Every structure is written in structure tokens, then in C-alpha cells.
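Student: Before we discuss helix packing, could you put the model in front of us?
Tutor: Here it is, and we can then take the terms one at a time.

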Amino acid sequence: MKTQGLTLLARRIRDDRTSHLCDRVARIQYRRFMSQSSVRHLPTPLIALAGWLVPGFGYALIGERKRAIIAGTTILLTFLLGLLIGGIRVIDVPGYGPDGAKKMVTVNKAPMWKLRADVVGEIMYKPWYIAQSMNGPVNLLATWGSIIAGSGEHPVKASTARIFDIGTLYTAVAGMLNLLVIIDATYRAAHPRRDVGAGA
Amino acid sequence: MTALLASYTPLLQPLPLWDYWVWLIIPLCVAVSVVYKTIKCQHVHQIPREAAGITLWIITAMIGVAAGVWLTYMVFVQWT
């Protein structure tokens, strides 16, 4: 009788310990799951948009901070180097002429902005702007700077020949690299690996 | 060169690198390599080594292509 009682007591203690351990393990697993799910389950369009707004930020949102810093810094430095090499006027804005003024055409005897009259034709005339626009708001800022610098009383002339080409190449390649980074961050967000965080 | 650099206004004027433009390929190769390896490498600590390797490969390949083009030009235009 006494032995049975002791056995029951021992079993209860063991069960209590086991359940206590199980609770702790479950709590740790839940915490881990929540911390991972909070970064992993962001919608992929949001990751892509964040990557466009700030180069590399898409990686940061999926928890890969170091990767984000390396990619973002490299892309922004390449873009800045392009502007420094060729000048701000390497951002050749569609719809604007070399003098920084809007290009106008006559449609039905009325003047019209060329970008509005023939948007596809005007963008195809300066296709490198598509690549440059992948740099995000920093390119919009440079676009504004290019228009301002090209107009006014003392307009800044665009650089010519090789230096203009190299500046354009740098800024366009930076945009294309950012597009690659956006695609990769979006893919990683949609297909998380088991060892996620290895790059963090 | 020093006088040109002294009169250089960042962003408003182009860098006076007309005689040295060919060297501008190196930073571009580095940038492309770093971002490419950032995408490809599973672990971040692999990136510097891998990027340095691929940068060297790109530059070596470009020198090879340049040498090939130069040789072709010499063979078919200059020496014949």
C-alpha cells in the first residue's frame, strides 16, 4: 500500500516535471516561431516596394541585415559614383531637352508636352532612364536635380562623349543591380530557407 | 591634372578623367561582383573572397578580349 502510494507520488512528480519541461520547450518554440514568422510572412509586394524605396531594404525586412547593408551600400555608391563621374546631367530625363526645358510638340494645332503626346516613344528615345529609375527615390531626387541644373540663367551643360557614357553606365548598372536585389529578396521572402538568418 | 581637379565642382561638372577613363572599369567590376555574390552566397562571410575572385576573373577576361581584338586588328589590318 505504502509502496503503491510512493510509486503514484513518484509518477505524479515525474509527470509534473515532464509537463513543465514540455511547457518550457513549447514556449521557446512558440517564441522562435513568432520571431521568425514576424519577419518572414511579410507580403512579397511589400518586400519589393521596400527594396525599390531603399536599395537593399528588402533583405532587412526578411531578417538579413548584413546582406542588406552590403547590397544597399554598393548600389548607392555605384549610383553616386556615376553622378560624380558624369555630373548630375547624366540623368537624361525623358520629356526634357538638353536645355532642361520641356520638349513641346504640336498636336491638332495645340502645343503639347512631348512626354504626354508620345510617352512610349519618348521613353524609348532614352531607354537608360528605365534602368536608372530602378534606383528608387534617389533617382527621382537626381532627376529633379538634373532638370533644375539644366534650366535657369546659368544652365549646367551635360557632359559629352565617353565621360557621359560612363556616368550613364554607372547609374544604369546600379539600377539593374537593384532590380536583381529586389527579385532575390522577394524570392527569399516567398521561399524561406531552413537556415534563414545565416546571412544575417 | 591637379589644376583640373581643383576646379572640379562635384555633380555640376564631369570628373576630368578623359585620359584615364579605362580605369573606371575597375570600380564597376567590383560593384557588379559584390552585388552578384551578395545574391549568390549563402553566408555573408563568403562574399568578400568570392567577390574578389570574380572581379579578377572579369578583369582578366576583359584584358583577354581586348588582346584578342587587338591581335585580330593587327593580323587583318596592319600586317597584311
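Student: Is the crossing of helix 2 of chain B and helix 3 of chain B left-handed or right-handed?
Tutor: In this predicted model, helix 2 of chain B crosses helix 3 of chain B in a right-handed sense, the near helix being turned clockwise from the far one by less than a right angle, whereas anticlockwise would be left-handed. Residues are numbered from 1 along each chain as its sequence is written, and chains are lettered from A and ligands numbered from 1 in the order in which they are written. Local features need pLDDT of at least 70, side-chain atom pairs count only at pLDDT 80 or more, and totals for chains, interfaces and linings use all residues.

Student: Why is helix 2 of chain B called oblique to helix 3 of chain B?
Tutor: The two pack at an angle of about 135 degrees, with their axes 8 Å apart. Angles under 35 degrees count as roughly parallel, over 145 as roughly antiparallel, 65 to 115 as roughly perpendicular and the rest as oblique, and therefore helix 2 of chain B is oblique to helix 3 of chain B.

Student: What makes helix 4 of chain A roughly antiparallel to helix 9 of chain A?
Tutor: The axes of helix 4 (residues 65-86) of chain A and helix 9 (residues 161-190) of chain A cross at roughly 165 degrees and come within 7 Å, so helix 4 of chain A is roughly antiparallel to helix 9 of chain A. Helix 4 of chain A passes helix 9 of chain A in a left-handed crossing.

Note on methods. Axes are lines fitted to C-alpha atoms, for helices over the stretch in contact, and angles run from 0 to 180 degrees between N-to-C directions. Helices (H or I, at least four residues) and strands (E, at least two) are DSSP runs, numbered from the N terminus.
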